[in-house]
Amino acid sequence: MKKLLYMLLMSCVLISLCSCSNKEISSSLGKVRLNIETYRAGLDQVTHPSVIQFDEKWNGYKYWMAYTPYPFGDGEEENPCIAVSNDLLYWDTPNGMVNPIADNEETGCNELKDAHILYRDDLDRIEVWYLGRLSESLGGDNKSLLLFRKYTYDGITWSDYEIMTSTEYLSPSVIWKDNKYQFWGIGYSSFNNTGTFVYSDSTDGKNWENQRQCTIDGADHDLPIWHGSVSFFDNEYHFVYIESSNASQKVLYCHSSDGIDFKNNSVIVENNSQSNWKILYRPFVMKENNEYVLFYGVITDNNEWYITRSIGEDITHLTGLDIADQENMKPLRSQVTDTKSMKYIIKRFIHSIKTGIRIELFALLPVLCILYKVFKKKRIRELWLYVLCLGITVAYVFMLLKPETASLVIAYLTAGAVQAICMALLSEKIMSLISNRQ
């Protein structure tokens, strides 16, 4: 039995080693997150970046980002926030301002989401547009979406929220151009418009018209598209997006002269199995100092949500953030877990073994002692005792925990073998003590 236990442990180590490929991480992929501190101390997880830039500092900063905290996917904390920077690496909360700038508790929504930032040059103010889902507990249908707006003239004091319109589209992009608001949104299943990408415009932000379906390389329906954003620079509209809500491994890019017909769709960032990220999330692209700057969400195996960045003079040849860049970022208390490291794999395997050892099974010791007494021949008695204990522990653990991966199967088999040996030895010891007393 000891040899069996040893073989199980060694098998796990070999599988773990085999899972670690020598494949290098693509240079275009951000290898570390941007350090952005949220109002949830120690839970500095953020997503859905949107950025504007100024030639000269606006109220102290050149770059203003709207984002939403999303710690471990908690929609209750997905409240629009602001971060600022003067170098695109060190991001902080504006001096004198308190995040979040909007809170779902001030509305009839159970969550706010998908913040997008813009600058009104005619009014010299920043605006943040965001979605709210109507809460069922407050009389809504938990489906309908409202498009909200808040604005500031100094970057510190923000207006009350305004309900601009209702919408059936996610991931809104709003741009102020040619004295009108331009809106792009992405369809989703709740309104049976999945695979569509639409445009409309408005002079006041409340009355929208000219809605049209956008095309990507000629297609205007059944588009593999989930979250994305439109930005305008170099006299063109630029659209970056991901394809799926739970499996996106690529950031795609296309551009358009009119904001309706986008072309030259291509992959500009691609994830792989050796990165810290499980999937990629909603991107945003801008241009600064003749370089494309791409911000995008990343999600870990532990459902931690972060933002990273890639930059380059050619949109198809970007370079992602690296460990060395962290020296120029704001220090944070929270750390990103490297789920691909051998230390983490071994630690997780040991934790799975501990989970697989079920203390409640020791309640069967009296029954095992009786069975031990029943079988008179020692060799048969020991053999059946170990086999029985192993069958009971493994069957119970597998039915209770339902392992879905090979590593969990091995961990629970190991746990079952360890517990079976302990139970069998205890049964023998108890019966031996009873016999000696007699």
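**Figure 1. Overview of the predicted model.** Strands here are DSSP runs of at least two residues, numbered from the N terminus. The model shown in this and the following views is predicted. Its chain contains 20 strands, along with five helices. Half of the chain's residues, 50% of 438, count as buried. Among contacts linking residues at least 6 apart in sequence, 56% join residues at least 24 apart.

**Figure 2. Surroundings of tyrosine 119 in strand S4.** Tyrosine 119 belongs to strand S4, which covers residues 109–120. With a relative accessible area of 24%, tyrosine 119 is classed as partly exposed, because that class lies between the limits of 20% and 50%. Its side chain makes a polar contact of 2.6 Å with the side chain of aspartate 124. Outside its neighbours within four places in sequence, tyrosine 119 is in contact with Ile52, Phe54, Trp58, Asp124, Arg125, Ile126 and Trp176. Glutamine 53 lies 66 residues away from tyrosine 119 in sequence, whereas the C-alpha atoms of the two are 9.0 Å apart in space.

**Figure 3. The second largest pocket and its lining.** This pocket has a volume of about 500 Å³, and 22 residues line it. Tyr119 is one of the lining residues nearest the centre of the pocket, together with Ile52, Ile175, Trp176 and Phe232. Two or more lining residues come from each of S1, S4, strand S8 (170–177), strand S13 (228–233) and strand S17 (279–288). By class, the lining comprises 15 nonpolar residues, four charged residues and three polar residues. Two of the residues placed nearest the centre, Ile52 and Trp176, are also in contact with tyrosine 119.

**Figure 4. The largest nonpolar core.** In soluble globular proteins, nonpolar side chains tend to be buried together. The largest such core in this model holds 21 residues, and the members with the most contacts inside it are Trp64, Ile82, Ile117, Ile126 and Val128. At least two residues of this core are supplied by each of strand S1 (46–58), strand S2 (61–69), strand S3 (81–85), S4, strand S5 (125–134) and S6. S4 gives the largest share of the core, namely four residues. Another core, of 20 residues, lies apart from it and includes Tyr63, Tyr67, Ile307 and Leu321.

**Figure 5. Lysine 150 in strand S6.** Lysine 150 sits in strand S6, which spans residues 145–152. Lysine 150 counts as buried because its relative accessibility is 5%, and the buried class covers values under 20%. Two polar contacts can be followed from its side chain: one reaches the backbone oxygen of isoleucine 101 at 2.8 Å, and the other joins the side chain of glutamate 106 at 3.0 Å. When neighbours within four places in sequence are set aside, the contacts of lysine 150 are Ile101, Ala102, Glu106, Ile126, Glu127, Val128, Tyr130, Trp158, Ser159, Asp160 and Tyr161. Among these contacts are Ile126 and Val128, which appear in Figure 4 as residues with the most contacts inside the largest nonpolar core.

**Figure 6. Glutamine 419 in helix H5.** Helix H5 runs over residues 406–437 and contains glutamine 419. Glutamine 419 counts as buried because its relative accessibility is 1%. Its contacts, leaving aside neighbours within four places in sequence, are Gly356, Ile357, Arg358, Ile359, Leu361, Phe362 and Thr393. Threonine 393 is 26 residues from glutamine 419 in sequence, and their C-alpha atoms are 7.0 Å apart.

Definitions and conventions
Residues numbered from 1 in each chain as written. Predicted model: local features only at pLDDT ≥ 70, side-chain atom pairs only at ≥ 80, totals over all residues. Heavy atoms only, no water. Buried < 20%, exposed > 50% of the residue type's maximum accessible area, 1.4 Å probe, protein only. Polar contact = N/O pair within 3.5 Å; in protein donor to acceptor, adjacent residues only side chain to side chain. Contact = heavy atoms within 4.5 Å. Core = buried A, V, L, I, M, F, W, Y, C linked by side-chain atoms within 4.5 Å. 1 Å grid on protein atoms, 1.4 Å probe; cavity = no way out; pocket = protein on both sides within 12 Å on 5 of 7 lines; lining within 4 Å. Points joined across faces, edges and corners; volume = space filled by probe spheres on them. Nonpolar A, V, L, I, M, F, W, Y, C, P; charged D, E, K, R; others polar.
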